[in-house]
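Colleague: Before I rely on this model, I would like to go through how its descriptions were reached. Could you take me through them step by step?
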Amino acid sequence: MNTLISNATVLLPDGTTKQTNIAVTGDSIVKIGAVPADWKADMIIDAHDKFAVPGFVNAHTHASMNLLRSYADDMKLMDWLQKEIWPVEAKMQDEDIYWGAMLAAVEMLRGGTTTFADMYGPNMEKVAEVVEQSGMRGVLCRGIIGVAPNGEAAFESNKKLYRDFNGAAEGRITIMFGPHAPYTCPPDFLRRVAETAREMGAEIHIHLAETKGEVEDCIKAYGKTPIALMEETGILSCGVLAAHCVHLTEDDISLMQKYHVRVAHNPGSNMKLASGIAPVPKLLAAGVCTALGTDGASSNNNLDMVEEMRLAALLHKVDTYDPLAVPAFEAVRMATEYGARAVGLQDTGKLMAGCKADITLFDMHGAAWTPRHDLVSLLVYSASANSVDTVMVNGKILMEKGELLTLDEERILYEANRCAEQLTK
Ligand SMILES: [Zn+2]
């Protein structure tokens, strides 16, 4: 199957833009530019007045938590988790996991997100089903709370998830291991997770150094920062996607460099939960791959990567009193190229021949896109996810001119509402 995206304004990997064609064969981009004479399109998308960017990678979320959007807000992280979130989550059944993740898929696709890294459970098989059915790319792990009564069972189900789904859905699903955090998984437990992950060839997705209190408690209990403790437990040598990384020492950053830790920065969640400001300009300067995530919809409260790019670009400017901190194109790379690398995908996140055809087209009609002095600047500082028009993943069109082709949106909204009401009544 050959698809020609004709006459688009294409964001190239170096940050420049060019009005040209994107030729897609199967799941990959084969050419940006004039199409070879012997290449015939089966389908043509007229992308005149559309801005083509790599599909966004939401590098840290909890998709099924969409059911808890607006359920408990403006609370301290531990109160929020222990009093409100964990008790409801304990009641979640298969259908809650499924419809919550479906709702997330609707929201993410509508916002131009093509890949998401998800930590949740139980029944992550249901999220894998959502990835299969929606056509998106998913990097999934079972969130494992080592200190919980079901800690061992969750660990086992993460192993099973890896065996059953790693590489499934035409390669769109990757499975990682998901020990939740150092404060919910003791060092011995983390050692076992690290050993198993290494044996199976899986990587790790974990929350690290999210709050000041977490770091202080970790130092009190183990004499080490969370990052240093992760080195000792062997977690860092598995290949790690670390969410948050808000409170870091210089030594932590050196360790992250040494072990090629990839960070999922979640500015919206960190601001809402008052967790602090991650040292993103320092991480980027140190060459630490730093991506963007929304975190769950109950701590953000949306899964909008356009908003997350803007928050990242603005937050670090005001934090450092430096308007050059996290420029617009760097924010876009965090949401695309670095995002892909952070979740372990080598050939996505850029619009160039040989990369997977994960492409988002923005409709540039309207005031937010006028005038067009600088499209990257408009994307980050002016546009909204509402102007996402068409989304392609793995060479397949999942949204066309604002219409979702693989998902029954009305049904999903209805079922998600029904599940959320049942869970919280
Ligand atoms: Zn999280």
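Colleague: Let us begin with one residue: in which helix is the place of E152?

Modeller: This is a predicted model, and in it E152 has its place in helix α4.

Colleague: What makes E152 buried, exposed or partly exposed?

Modeller: Burial requires 20 or more other C-beta atoms within 10 Å, and exposure 12 or fewer; E152 has 13 such atoms within 10 Å, and is therefore called partly exposed. As for its surroundings, E152 and F189 lie 37 residues apart in sequence, with 9.3 Å between their C-alpha atoms.

Colleague: How do you know what span to expect of α4, and what span does it reach?

Modeller: The expected span is 1.5 Å times one less than the number of residues. For α4, residues 151–165, there are 15 residues, and the distance from first C-alpha to last is 21 Å, close to the 21 Å expected.

Colleague: Which residues of α4 are buried, and what puts them on the same side of the helix?

Modeller: The buried residues are A154, F155, N158, L161, Y162 and F165. Around the axis they cover an arc of only 125°, and therefore they are on the same side of α4. An α-helix has 3.6 residues a turn, so residues three or four places apart point the same way. The elements covering the buried residues of α4 include α3 (124–134), β8 (137–144) and α5 (187–200). After α4 comes G167, whose phi is positive, near 85°.

Colleague: Why is the largest nonpolar core said to lie between domain 1 and domain 2?

Modeller: That core has 140 residues, and I22, A52 and M102 are those with the most contacts inside it. Helix α2 (residues 94–110) gives the most to this core, namely 11 residues. Because domain 1 (2–54 + 350–404) and domain 2 (56–342) both give residues to this core, it lies between them. Leaving aside residues up to four places away in sequence, A52 touches ten-odd positions that I shall not list in full, among them I5, V10, I22, L351 and L361.

Colleague: How many residues does each domain give to the contact, and what is the make-up of the side of domain 1 that touches domain 2?

Modeller: The centres of the two domains, taken over C-alpha atoms, are 28 Å apart, and the contact takes 22 residues from domain 1 and 25 from domain 2. On the side of domain 1 that touches domain 2, α14 gives the most, with 5 residues, and the residues of that side divide into 14 nonpolar, 5 polar and 3 charged.

Notes. Residues are numbered from 1 along each chain as its sequence is written. This is a predicted model: local features need pLDDT of at least 70, side-chain atom pairs count only at pLDDT 80 or more; totals for chains, interfaces and linings use all residues. Helices (H or I, at least four residues) and strands (E, at least two) are DSSP runs, numbered from the N terminus. The arc is that of the directions from the helix axis to the C-beta atoms. Two residues are in contact if their C-beta atoms, placed from the backbone, lie within 7 Å. A nonpolar core is a set of buried Ala, Val, Leu, Ile, Met, Phe, Trp, Tyr and Cys residues joined through C-beta atoms within 7 Å. Domain bounds come from an automatic or database domain assignment. Ala, Val, Leu, Ile, Met, Phe, Trp, Tyr, Cys and Pro count as nonpolar, Asp, Glu, Lys and Arg as charged, and the others, Gly among them, as polar.
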